[in-house]
Amino acid sequence: MITEKLALHGGPKTIAKPFKRYNPIGKEEVDAAKAVVESGVLSKFLGCWEPDFYGGPKVQEFERACEKFFGVKHVVTVNSWTSGLIAAVGAIGIEPGDEVIVTPWTMCASATAILHWNAIPVFADIEPETFNLDLKSVEANITPYTKAIMAVDIFGHSCDIDALMEIAVRHNLKVITDTAQAPGTFNQGRVTGTLAHVGGYSLNYHKHIHTGEGGILVTNDDDIFDRLQLIRNHAEAVVADKGVGNLTNMVGHNFRLGEIESAIGIEQLKKLKGFVEGRQRAAQRLTDGLRGLSGLRTPVVKPGCTHAYYMYPMILDVDRLGVSREKIHSAMEAEGVTGLAQGYANVHLLPMYQKKVAYGSNGFPWTSDICHRDVSYAKGICPVAEELHDKTYLGFEMCLHELENEDVDLIVAAFKKVWSKIGSEL
Ligand SMILES: *Cc1c(COP(=O)(O)O)cnc(C)c1O
């Protein structure tokens, strides 16, 4: 029996000092960046068909190191994973008006990358175990216009990639995986993120490893590899000299990663395995500590899969607990547990989709002839994702903190204290 009052009601706070901020950057990265600055070559890309079309020495060294680390035939680095997703959708040959099935539980860029090529995002629901795409909902959303599936390995756990690829083969679709939150994880011994037609990872500052901004595209497909590089680097100015016959989506950008970022990335990649294992240890300690708290579901890890715990996702059985998520959240925050998130994105509910205003002001592409049918983004199309967001999902943002064992034990103590007051103080 915990006799102390909840901090929410004036009792002592369980956690007095804030957790240490996650910072994976060390001396190796500083030295690597300094050497590039001193060399004077901060980028070497040229947007024309010359050897420098492929970038400078650090870009290429980083790409070869990533190929080895992720066990994939080709890697193309980019200046953000948002850029990477745009390049991926273009490279698989998506046409205006094509439908691409995507999860609503993701960072908005997964869906925006589809719209970028004037294709139509179609949101399928998620399953509540791993919060990844629900296969039944994916199948139910396939129409004659569907050309691809954008799957996300959300929070650090692989989607059901084998089943998705099987659906894709059956319906002649391409699959893109967004593994921004699950680098360095495995699904049946295979590297998460490398099992679709094209996939990749983010290098932004709150992912497991980072270069400030950046992204890593991976593919085993030679043709997609070529096209990713062209879209990254001014395709339209390169295709003639390179002898590219298929001009589909050869609309270029400057998505090139710099030499400094690449040099930092080389060092970060060496540390990724250790960082992921550190997260896994903290998460396991948290799960062990929280075991037995009624109405609290800790993360599910599917057989044969590993979890990178970008987020530590939980579900509250609010009916059984008889108290709202909001109340539990405020009690936990008062105890000093920062980084607890009530709900997660439901991308289809963003104003862009609700109002169908994206390019220009008149509803393009939805109102144009290229859009084959009236695609709904109404509340209710993804009931599982929506209920989790509105009512039951509670995420601990492990990506924000560097947690020592003592920190984890304090978080457990805060949960236990709050739980012991459900029905009395709460
Ligand atoms: C972080 C993230 C992105 C975007 O990556 P950036 O490198 O910030 O552009 C896309 N998808 C998911 C799931 C992410 O977590």
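Me: Which element gives the largest share of the shell around the ligand?

Reply: Happy to start there, with one reminder: this is a predicted model. A shell is read by asking which residues come within 4 Å of the molecule, and then where they sit in the fold. Here α3 provides the largest share of the shell, three residues.

Me: Which residues come nearest to the ligand?

Reply: The shell holds 15 residues, and Thr82, Asp178, Ser202, Asn204 and Lys207 come nearest. Sorted by class, the shell has five nonpolar, eight polar and two charged residues.

Me: What polar side-chain atoms lie close to oxygen atoms of the ligand, say within 3.5 Å?

Reply: Let's go through three of them. For Asn204, an N or O atom of the side chain is 2.7 Å from a ligand oxygen. Ser202 places a polar side-chain atom 2.8 Å from an oxygen of the ligand, and Gln181 does so at 2.9 Å. As for cover, the ligand on its own has 380 Å² of accessible area, and the protein covers 94% of it.

Me: Where does the ligand sit, in terms of pockets?

Reply: A pocket is an open space, found from the protein atoms alone, and we can then ask whether the ligand's atoms fall in it. In this model the ligand sits in the second largest pocket, which has a volume of about 260 Å³.

Me: How many residues line the second largest pocket, and which lie nearest its centre?

Reply: There are 21 lining residues, with Met107, Ala180, Ser202, Asn204 and Lys207 nearest the centre. Two elements, α3 (81–91) and α4 (109–116), each give two or more residues to this lining. The largest share, three residues, is again that of α3. The classes come out as nine nonpolar, nine polar and three charged.

Me: What is the volume of the largest pocket, and what lines it?

Reply: The volume of the largest pocket is about 330 Å³. Its lining has 16 residues, and Phe275, Gly278, Arg279, Glu402 and Leu403 are nearest the centre. At least two residues come from each of α9 (259–290), β15 (401–402) and α14 (405–420). Of these, α9 makes the largest contribution, with six residues. By class there are seven nonpolar, five polar and four charged residues in this lining.

Me: How many cavities are there of 30 Å³ or more?

Reply: Unlike a pocket, a cavity is a space from which the probe cannot get out. Three cavities reach 30 Å³ or more, and the largest cavity contains about 40 Å³ of space.

Me: Which residues line the largest cavity?

Reply: The lining includes Glu129, Thr130 and Phe131, then Ile154, Phe155 and His157, and further along the chain Arg297, Pro299, Val300, His307 and Pro313. Six of the lining residues are nonpolar, three polar and two charged.

Me: Now for the backbone. Which peptide bond is cis, and where is its proline found?

Reply: For this, look at omega. The bond from Phe364 to Pro365 is cis, with omega near 10°. Pro365 is found in the loop that joins α12 (351–354) and α13 (383–392).

Me: And what is the phi of Asn118?

Reply: Look at the sign of phi and at the residue type together. Asn118 is not a glycine, yet its phi is positive, about 60°. To find Asn118 in the structure, go to the loop between α4 and β4 (120–123).

Definitions and conventions:
Residues numbered from 1 in each chain as written. Predicted model: local features only at pLDDT ≥ 70, side-chain atom pairs only at ≥ 80, totals over all residues. Heavy atoms only, no water. 1 Å grid on protein atoms, 1.4 Å probe; cavity = no way out; pocket = protein on both sides within 12 Å on 5 of 7 lines; lining within 4 Å. Points joined across faces, edges and corners; volume = space filled by probe spheres on them. Helix = DSSP H or I, 4+ residues; strand = E, 2+ residues; numbered from the N terminus. Nonpolar A, V, L, I, M, F, W, Y, C, P; charged D, E, K, R; others polar. Polar contact = N/O pair within 3.5 Å; in protein donor to acceptor, adjacent residues only side chain to side chain. Areas by Shrake-Rupley, 256 points an atom, 1.4 Å probe, with all protein chains shown as cover. Sits in = over half its atoms within 2 Å of the grid points.
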